[in-house]
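The following paragraphs lead a new reader through one protein model. Please keep the sequence and the structure in view while reading.

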Amino acid sequence: MPQEQYTHHRGTMPSSEGPQVYKVGIYGWRKRCLYFFVLLLMILILVNLAMTIWILKVMNFTIDGMGNLRITEKGLKLEGDSEFLQPLYAKEIQSRPGNALYFKSARNVTVNILNDQTKVLTQLITGPKAVEAYGKKFEVKTVSGKLLFSADDNEVVVGAERLRVLGAEGTVFPKSIETPNVRADPFKELRLESPTRSLVMEAPKGVEINAEAGNMEATCRTELRLESKDGEIKLDAAKIKLPRLPHGSYTPSGTRQKVFEICVCANGRLFLSQAGTGSTCQINTSICL
């Protein structure tokens, strides 16, 4: 206790000496390190500023956009060739007026049409070997909106006035074909052929085969049959030739066979009449009425 009082008394006693001055600051190696870090920070700031200015200069940043990319009121305007490494989503893509729009890819170009649930509805794939289109219906129309070609699960419709097949082997139809007219090009031959099966032409109101500037030929290996169930068969020509008919020979002995002769009416109708020693066509003239 006496010692503490003495210390306190001593502290409260006025000092006969002058006030002591304490120096406040960083001296020595600490000061040099501080100046070094400040200098390094200034160098980094200058380098960063220079790099930013260089990037802005190289990328051609302006108020309107960056490089060939311009920001307009209608959207983005891109000039020159562009490469997209990730999917591109856009409402509309169009080229400049008077210039073409090209899509290039090392493998393929795929266009997908999605619904609200991001499910693919229509897909177009252009690859190195084929062009594939997936959808419920495929249509090709003219500028005026006229249908040229249409295809779906039920049928394929060709709306053009004429369908031309330029292949050397023609066209092969594995099943039936329905058309109002089959016609060859002018001065070209038209051939309907079934190499291994039968060829059937049917129409509810008739089938017409017409060769206006040439010959019409029907060839078969076994039998050529012309049959009319309810009507008649007309051969309208100035000359009718049957050059390969067999010739019979007279045999007085042997079995007697029924022999007929072909009779022709004035209106061109043909009928058979039992042959006799003379002509029997006059006996059956009632058929010509």
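Helices and strands are here runs assigned by DSSP, with at least four residues for a helix (H or I) and at least two for a strand (E), and they are numbered from the N terminus. With this convention, Thr-118 can be placed in the loop between β4 and β5. The model is a predicted one, and this should be kept in mind throughout.

The account begins with the chain as a whole. The protein chain contains two helices and 11 strands. Followed along the sequence, these elements give the pattern α-α-β-β-β-β-β-β-β-β-β-β-β. The chain has 289 residues, of which 4% count as buried. Its exposed area is about 30,000 Å², and 55% of that is supplied by carbon and sulfur atoms. Among contacts between residues at least 6 apart in sequence, 1% join residues at least 24 apart.

The helical part of the chain may be taken next. Which helix gives the most to the nonpolar patch? That helix is α2, residues 29–58, which contributes eight residues. The patch covers about 1,000 Å² of the surface, and its members include Leu-39, Ile-43, Val-47, Trp-54 and Val-58. Met-59 also belongs to the patch, but this residue lies in the loop between α2 and β1, the latter spanning residues 65–66. With a relative accessible area of 37%, Met-59 is partly exposed. Since patch residues must have over 30% relative accessible area, Met-59 meets that requirement because its value is 37%. Phe-61 and Met-66 are also among the residues that make the patch.

Further along the sequence come the strands β4, β5 and β6. Strand β4 (residues 109–114) and strand β5 (residues 120–126) run antiparallel and are joined by six bridges. One pair of bridge partners consists of Asn-112 and, in β5, Gln-123. The hairpin of β4 and β5 has five residues between the strands. Strand β5 is also joined to strand β6 (residues 131–134), again in an antiparallel arrangement, by four bridges. Gln-123 appears here too, standing opposite Tyr-134 in β6. Four residues lie between β5 and β6, and these two strands form a hairpin.

The loop between β4 and β5 deserves a second look, for it holds Thr-118. Most residues other than glycine have a negative phi. Thr-118 is not a glycine, yet its phi is positive, at about 55°. Is Thr-118 buried or exposed? Its relative accessible area is 60%, and Thr-118 is therefore exposed, given that the term applies to values over 50%.

The next group of strands forms an open sheet of three, in the order β7-β8-β9, with antiparallel pairing. Its edge strands, each pairing on one side only, are β7 (138–141) and β9 (156–158). On average, neighbouring strands of this sheet are turned by 10° against each other, with direction ignored. Strands β7 and β8, the latter made of residues 147–151, run antiparallel and share four bridges. At one of these positions, Lys-141 has Leu-147 in β8 as its bridge partner.

Within strand β8 lies Ser-150. Why does Ser-150 count as buried? The relative accessibility of Ser-150 is 5%, and Ser-150 counts as buried because the term covers values under 20%. If neighbours within four places in sequence are left aside, the contacts of Ser-150 are Lys-137, Phe-138 and Glu-139, together with Glu-155, Val-156 and Val-157.

Two of these contacts, Lys-137 and Glu-139, lead to the last feature, the salt bridges. Side chains of opposite charge can pair when their charged atoms come close. How many salt bridges does the structure hold? There are two. In one of them, Glu-139 is joined to Lys-137, with 3.3 Å between the closest N and O atoms. In another, the side chain of Glu-139 meets that of Lys-141 at 3.6 Å, N to O. Lys-137, Glu-139 and Lys-141 are thus linked in a network of salt bridges. Glu-139 is partly exposed, its relative accessible area being 37%, whereas Ser-150, with which Glu-139 is in contact, counts as buried.

Terms used
Residues are numbered from 1 along each chain as its sequence is written. This is a predicted model: local features need pLDDT of at least 70, side-chain atom pairs count only at pLDDT 80 or more; totals for chains, interfaces and linings use all residues. Side-chain values use heavy atoms; hydrogens and water are left out. Two strands pair if DSSP finds at least two bridges between them. Axes are lines fitted to C-alpha atoms, for helices over the stretch in contact, and angles run from 0 to 180 degrees between N-to-C directions. Buried means under 20% relative accessible area, exposed over 50%, partly exposed in between (1.4 Å probe, protein chains only). Contact means heavy atoms within 4.5 Å. Accessible areas come from the Shrake-Rupley method with a 1.4 Å probe; for residues, only the protein chains shown count as cover. Patches are made of residues with over 30% relative accessible area and no salt bridge: like charges are joined within 9 Å, nonpolar side chains (Val, Leu, Ile, Met, Phe, Trp, Tyr) within 5 Å. A salt bridge is a side-chain nitrogen of Lys or Arg within 4 Å of a carboxyl oxygen of Asp or Glu.
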